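Work through the exercises below with the sequence and the model in view. Each task is followed by a solution in steps.

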Amino acid sequence: MVTLLSTKILAPNQRELLLNAHLSFVDFDILKIEPQQLLLSQAVEDAIVTSQNAARVLVLSPKLVQESLKNTRFYTVGLKTAQILKDAGFQIVEIAKNSEQLAQTIRARFKERTFTFFCGNTRRAELPEHLHKAAIRLEEKIVYKASPQSKKFEQAFDAVLFYSPLGVSAFAKSNSIDLAVCIGSTTATEAQKHATTVITANQTTVESTIAKAVHYLKNTATQP
């Protein structure tokens, strides 16, 4: 039977997608996420959020922090990240597919503004580097820490689902990867260093990543 590994614990509705496709799966959290205390001395006018983890921390932050963010304009990466913030009542200005695209948009349209980047301790360097080169003012706030959890699997999987570059590198330290199914392009770039085959979801959501894996594996199984 075809078996997948998700490097993130799946929600019930996400598990149903695999069960309905008659695929076996294993899921575990390869990253331990620890929210950090966030202090804001003044209201934030323009904020960048590129991860769902950072979005969740902001949504669950104390009332005093929420007050500083109630009029903030948010620039995000990924539909799910934007939706988490939007559902909490925050104002979304831009939604980009990846950090590089967001940096290009900010450089082209919002260069005169000052941004606060809410991120994790392992955030990638591309976006800050692009903005600094364009002399765009940027302050970083670490709102969570991500720690990789190394685990070796004796079982071989037909596909492994990845949701971050750090997750890929952490998994590859102890395991080989045949087929990597990635949530986005930055994750896929890291997977290309370790996996035999890499495919990328059509949208940056867990559901789209699962759908991409199911479609690929079903098509592969029917080929002569």
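Contact means heavy atoms within 4.5 Å. This is a predicted model, in which local features need pLDDT of at least 70, side-chain atom pairs count only at pLDDT 80 or more, and totals for chains, interfaces and linings use all residues. Residues are numbered from 1 along each chain as its sequence is written, and side-chain values use heavy atoms, with hydrogens and water left out.

**Exercise 1. Describe the protein as a whole.**

Step 1. Count the elements: the protein has 9 helices and 11 strands. Helices (H or I, at least four residues) and strands (E, at least two) are DSSP runs, numbered from the N terminus.

Step 2. Compare the radius of gyration (taken over C-alpha atoms) with the globule rule, 2.2 Å times the number of residues to the power 0.38. The radius is 18 Å, close to the 17 Å that the rule gives for 224 residues, so the protein is as compact as a globular protein of that length.

Step 3. Turn to contacts with a separation of 6 or more: residues 24 or more positions apart account for 55% of them.

Step 4. Buried means under 20% relative accessible area, exposed over 50%, and partly exposed in between, with a 1.4 Å probe and protein chains only. Of the 224 residues, 46% are buried.

**Exercise 2. Find the order of the strands in the open sheet.**

Step 1. Two strands pair if DSSP finds at least two bridges between them. β1 and β2 run parallel and are joined by 4 bridges; S6 has D27 in β2 as its bridge partner.

Step 2. Between β1 and β9 there are 3 bridges, again in the parallel sense, and L5 has V160 in β9 as its partner.

Step 3. Another 3 bridges link β9 (residues 159-162) to β10 (residues 177-182) in parallel, with F162 partnered by C182 in β10.

Step 4. The full order of the 5 strands is β2-β1-β9-β10-β11, with parallel pairing. At the edges, β2 (24-27) and β11 (195-200) each pair on one side only.

**Exercise 3. State what covers β9 and how the chain leaves this strand.**

Step 1. Check both faces: A159 and L161 are buried on one side, V160 and F162 on the other.

Step 2. Follow the chain from β9 through α7 to β10; this β-α-β crossover is right-handed. That term applies if, with the strands pointing away from the viewer, the path from the first strand over the helix to the second runs clockwise.

Step 3. Note a second right-handed β-α-β unit, made by β1, helix α1 (residues 12-20) and β2.
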